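Here are a few exercises to work through with the model open in your viewer. Try each one before you read the solution.

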Amino acid sequence: MTPSTPRGTRVSHIGIAVEALAESLPFFRDVLGLTEVPLDDSDGASIVGLSAGEPLVELLQADDPASPIARFVAKRGPGIHHICFSVDDLDATLDRCRKAGVQLLDEKPRIGAEGKRIAFLHPKSTGGVLVELSDH
Ligand code: CO
């Protein structure tokens with residue numbers, strides 16, 4: 001999975017929790033002019049991807065009341081939910097996290113909405129920001 005030429009750690013996407021895609025999407029797509037890109041649903045949420053240069057904005061609407069997005073919106077209201085960084089070597093990065101005492105929410109990478117391997121870090125270990133790591 002390691003690319004031959006390292007690209008360095010990059011912002012991959014910013015996940016924004018919304019109450020309803022139908023209400024939020026027109027602002028991002030039609031007013032700001034971001035282009036929709038197809039993504040899979042993930043973690044009990046419907047996800048709309050919007051290209052914003054290389055990174056995406058992902059609008060996350062809970063489908064399942066027990067899903068992480070539903071719990072986030074119920075507790076804190078809609079808003080920025082997480083930031084995803086893509087890294088050159090996800091396994092090595094997770095190992096560095098473990099050695100540094102960073103609490104992992106996913107001990108092993110799993111497949112995320114973009115079809116790439118992802119893993120989440122606990123916000124307690126990252127200054128209060130839910131961080132997702134992914135392959136490029
Ligand atoms: Co994400």
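**Exercise 1: two sides of a helix**

On helix 2, R71, A74 and K75 are exposed (over 50% relative accessible area, 1.4 Å probe, protein chains only), and they sit on the other side from the buried residues. This is a predicted model: local features need pLDDT of at least 70, side-chain atom pairs count only at pLDDT 80 or more, and totals for chains, interfaces and linings use all residues. Residues are numbered from 1 along each chain as its sequence is written, and side-chain values use heavy atoms, with hydrogens and water left out.

Task: find the buried residues of helix 2 (residues 68-76) and what covers them.

Solution. Start with burial, under 20% relative accessible area: I69, A70, F72 and V73 qualify. They share one side of helix 2 because they cover an arc of only 165 degrees around the axis, taken from the directions to the C-beta atoms. Next, look for cover: it includes strand 1 (10-18), strand 3 (45-51), strand 4 (56-62) and strand 5 (79-87). Just past helix 2 comes G77, with a positive phi near 80 degrees.

**Exercise 2: the metal site**

Task: which protein donors does the cobalt ion have?

Solution. Collect N, O and S atoms within 2.8 Å of the metal; water is not among the atoms, so the site may look incomplete. You get H13 (NE2), H82 (NE2) and E132 (OE), 2.0 to 2.1 Å from the ion. Along the chain, their spacing reads H-x68-H-x49-E. H13 in strand 1 and E132 in strand 8 (residues 131-135) are 119 residues apart, and both are buried.

Note on methods. Helices (H or I, at least four residues) and strands (E, at least two) are DSSP runs, numbered from the N terminus. Contact means heavy atoms within 4.5 Å. Donors are N, O and S atoms within 2.8 Å of the metal (3.2 Å for Na, K and Ca); water is not among the atoms, so sites may look incomplete.
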